[in-house]
Amino acid sequence: MALEHNAGLVQTLLSRRSRAPRRAPRGLRCSPPERRGLSRRHRCPEAACKGQPRAEVPLVALGAPAGASVVAGGPGGWLCCSCPGTMTTDEGTKPEGEVQAAALAERGEDITPARDRGVLKIIKRPGNDDESPMIGDKVYVHYKGKLANGKKFDSSRDRNEPFVFSLGKGQVIKAWDIGVATMKKGEVCYLLCKPEYAYGAAGSAPKIPSNATLFFEVELLDFKGEDLFEDGGIIRRIKRKGEGYSNPNEGATVEIHLEGFCGGTRFDCKDVKFVVGEGEDHDIPIGIDKALEKMQRGEHCVLYLGPRYGFGEAGKPKYGIQANAELVYEVTLKSFEKAKESWEMDTKEKLEQAAIVKEKGTMYFKEGKYLQAVIQYGKIVSWLEMEYGLSEKESKASDSFLLAAFLNLAMCYLKLREYTKAVECCDKALGLDQDNEKGLYRRGEARLLMNEFELAKCDFQKVLEVNPQNKAARSQISVCQKKTKEHNERDRRIYANMFTKFAERDAKEAASKTGVEKEAAKAACAQGLETAGAGGKEAEGHV
Amino acid sequence: MAVDELQAIIQRCQILEESDFRGEDFNLFQVAGQKCLEDGYAAQLLEVIQNEKNKVIIKNMGWNLISPLVRCILAYKQEDDKRDDKREHCLKILDQLVQLCNPKELFLGLLEQIEQTSGEKVCPTVMLLLQPLQTVLLKLQNKKAYSVGLSLAMIMNQLTPLPVPYTKQQIQEDKLGLCQCCNAVVDFAKPFVNEVVKNMEKSSEYNDMELKEELLKFCMKSLKYPLLTAQLEQLEGIEEQPFRHFATEIIVSVVKMNYIFLHHKGKRSYWENQEFEDIERKNSADSLACLSYLMFVQHFGINCFPMVFSPSYLLQCNMTHIEVLVVVFCLFASFFSHPQDLFENCLLRMEDNSLLHQYLEFRDFINVPQDLVKVMTLCPIEHLRKKSLNMLQLFIDKFDAEGKYTLFRCLLKTSNHAGVEGYIIQKIKDQIHLSLTKAHDNVWFTRHHLISLLDLVLFLPEGAETDLLQNSDRIMASLNLLRYLVIKDCESDNQTGVWTTLAKIEKNFLKPLHVGLNMSKAHYEAEIKNKRENRRVYSLTVSEEKMPAMTTEMQLQVLHSALFTFDLIESVLARVEELIEVKVKATGIKA
């Protein structure tokens, strides 16, 4: 894979530049202090130069024809482009782009893992930070792209917005995944990319012709760990990239090594084999299950889990973990075997499996592991909801599994306080059996908790129609009525407050009109606030 | 007389203070003004309005005249030229009202007019009122963003029920004025877009977020209607294709306001308002699909699109859009091939065999080919069927060997169409041929992987009872594949593994096929005999339409062609068995 690159590659590049051992063995991984040492050594030879950015000209020196005298650095030597001492008089005779491209072709460093000179790089301005982005990180760059003829084909600055992408995921052309991974925060570099590392023979209509070599100027503005579910709940930083693109799916069997940390102390360290979605059986929090679905074989990463994806409110007494603790896990996915996709299973298999996962879901539910239970019940839905062409017997069995799954999912979502989802599940259950007592009751509960009292009341009334003996429903109806009343009163209070606020505003306006009345208005304001703050009883009187 | 009545009320109000106007004054003014217009005294009314002395009155009461005024102008339009100067007067009145009236009331008055029109009056009304509305909105101090959004939403809501012109002739004719109207609406929005852009340049603060959101909502809506189903190709003989012009303008606006849609799929905080976002996500799929089509296929606004994405990522992002388009276009029974075109555009960026099989784990990558199969087998429009087949072919070509393998498996299991299955089996044969002839062997189309694939191919779905006629495409392709395998692969090499699994093939495929052939032939022969003796006319209904009655001759012809198919199958079957026998004998191993 051309996308493959790792910490070792970065090291190789650094060591080449620094005239230290010409080529560090690939795959050699240094600890951070070593890395820092390397980069300190390759500071600009001109003592006065601080590596400040100098906008347009700097690289020209490097593009000087072979005969011209270049002040610092011999062949293979490392030059700081922003240093005035390295400038020659040749600048300006050629178009900028051409000169830069020529410089890259001549002096650029080959950063491809295959060493085929497919991507050449020169640093224009070194970074101010020693850290490079990791694979999967969200990186922010500004860039300018030109064709070999110097024609600009794209620039993020024209759009006035940094360009954001996930590094090392094949989202961008290969040259970029390789190139940006070598950069430091704040660095500006030039990249010369052969078509094999860009858009190849096909080109990219309408701007990039076939077999085009591309030139880029890239500035790495920032980067941060990957937010796996866009909710800040799981942040991943990949230490070693896995192979290929394949991920374990829900139900896959995985073999992993994990180490769990909480507040700096390690509470868990083990090699373990389990089914994704059932990590709880091995005291592994749900966040790991979720993250595994985004990992590849051989991947080694650090996961920062928020409480929701960790052990949640219950904590984990076994490990001495408090409620709502944030966790850090280091995980290596050693191997996995995927569960069959739905389209690969025939009806018989789906029905057999449905019975098994239903059991499992119920087990989790009883233990209060609702997220895990959702996964199990969800499987039944994904297998059977869209299954067509069933025999009568199969169809009956399928419907009964689906009904149970939806009802149980609704219960789980109630417990997880995801009421909209609970209502959705009830709707589906009632689609299968419109008089289902549990379905109606649970929808009523969900709606009650969503403050939809009237709808909730309807549901509970329907429960009573189906089963007049249902005492719980009867009491829920009175709860509904009570809540409706409370709610109305609260509304009234809010509106009452609003009127006070209006009064306040009017008072203010009046005050600003006549300076004399200012003091009085202030008093009125204060008074208004008090009444608003005093809340209920007084305000109610207004209405 | 109407004019006198008007003069009377005006004179009464002239001496009053603004705050002393009463409800009945408003009523009298409206009634008198309306009467003037109806009786054709527009010139006199104009005079009254232009009178400097009446400024305050018009400022407060003028907006009441909007409704009768609009009615008059539209009525004059439909009549002859003689009324031209009257219409001219009315337009001047409208102009004066826009200058003089209180913007807040005038705004509501104008909007009300747009809300109340329907049918063929929608476009003329909107066209008439856009300019005044724009002027008023630019004057509004408070709640401008909200008002702009409300106006645009109202206009689009009124336009949406109108049919979108489809053919070149319809577009040229533009009977309802939709083409013209759409472009006028974009012009209407332009100053507001420019305002947002200008503010964005000034500072990066989100000071104008609200207006920006309203305008983007309008753009998104336009992409869904009318652009999604509109003709967007360049048309010969129409210099400026109206929908292309409209599309360009919309996309320019979208891009100017920095909305990069493709990449920010999962981004959360795009809309300031959370509620917005949820509604938007549900409704925007169509709009985004259209935007993607316009950018990639028609190259609108592509200049502003980042040119560093990898082709496979572009394909991945567009797969969702393609899926949406297929569904929408089937629903509309559209003649256009937008989904296929977008798919082709993405696929042509890729090199053959370069797409990793892991992409099939994305649901869209499995769904789109299945959708294409549905179009191929169910769509009544021939060029769409053909194009879909071409795209399926192209899609298969782009995958690596494992990807092709998985795709074949999936399509064999899901297509439910003997023709498609026959086609896939033929593709499998091509792949086996490649793996056998190329130097490096390919694990996916030899040995155990292949055998498991052959299990899906070399069998009869319902054993001997399978309907051979219905399945003839599939059966012929399977037999051809088997024949190829036994000829190409020596038993001693057994590269494909076919010789190991021969017993299974005989049991699941060849034997039941024999039995089935005998049964079917006997059945059809009996039927022919029956027909000849007992001539009757059958009628047949296809989807509630009665087909012309088949004569016995025609029926016999059908039955004979069935028999011919069986003969064909039988001869290939015989050939395959002969080949197997020869090879097995030669090595002396019994299969």
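At what angle do helix α9 and helix α12 of chain B pack, and how far apart are their axes? The views below, all taken from a predicted model, start with that pair.

**View 1. Helix α9 packs with helix α12 in chain B.** Here α9 (residues 144–159) and α12 (residues 209–224) sit at an angle of about 10°, with 8 Å between their axes. Angles under 35 degrees count as roughly parallel, so that is the label for α9(B) and α12(B). On the α9(B) side, look for Ala145(B), Tyr146(B), Val148(B), Gly149(B), Leu152(B), Ala153(B), Met156(B) and Asn157(B). Their partners in α12(B) are Glu210(B), Leu211(B), Glu214(B), Leu215(B), Phe218(B), Lys221(B) and Ser222(B). Sort the residues of this contact by class and you get nine nonpolar, three polar and three charged.

**View 2. Chain B meets chain A.** Chain B puts 31 residues into the contact, and chain A puts in 33. Between them they bury about 2800 Å², with carbon and sulfur atoms giving 56% of that area. Three residues are worth picking out: Met307(B), Val308(B) and Glu361(B) supply 24% of what chain B buries against chain A, more than any other three residues.

**View 3. Polar pairs and helices at the interface of chain B and chain A.** How many salt bridges does the rule find across this interface? The count is zero, while 10 residue pairs are in polar contact, both residues at pLDDT 80 or more. On the chain B side, the elements giving two or more residues are α15 (311–331) and α19 (401–414). Of these, α19(B) gives the largest share, with four residues. By class, this side of chain B holds 15 nonpolar, nine polar and seven charged residues.

**View 4. A cis peptide bond leads into Pro206(A).** The bond runs from Ala205(A) to Pro206(A), and its omega is near -5°. To find Pro206(A), go to the loop between β6 (188–193) and β7 (214–224) of chain A.

**View 5. Tyr225(B) and Pro226(B) are also joined by a cis peptide bond.** Omega is about 5° for this one. Pro226(B) lies in the loop between α12 and α13 (242–256) of chain B, and α12 is the helix that packs with α9 in View 1.

**View 6. Asp174(B) has a positive phi.** Most residues other than glycine have a negative phi. For Asp174(B), though, the value is near 45°. You'll find Asp174(B) in the loop between α10 (168–173) and α11 (178–202) of chain B.

How values were computed: Residues numbered from 1 in each chain as written. Chains lettered and ligands numbered in written order. Predicted model: local features only at pLDDT ≥ 70, side-chain atom pairs only at ≥ 80, totals over all residues. Heavy atoms only, no water. Axes fitted to C-alpha atoms, helices over the stretch in contact; angles between N-to-C directions. Parallel < 35°, antiparallel > 145°, perpendicular 65-115°, else oblique. Contact = heavy atoms within 4.5 Å. Nonpolar A, V, L, I, M, F, W, Y, C, P; charged D, E, K, R; others polar. Buried area = accessible area lost by both parts, 1.4 Å probe. Salt bridge = Lys/Arg side-chain N within 4 Å of Asp/Glu carboxyl O. Polar contact = N/O pair within 3.5 Å; in protein donor to acceptor, adjacent residues only side chain to side chain.
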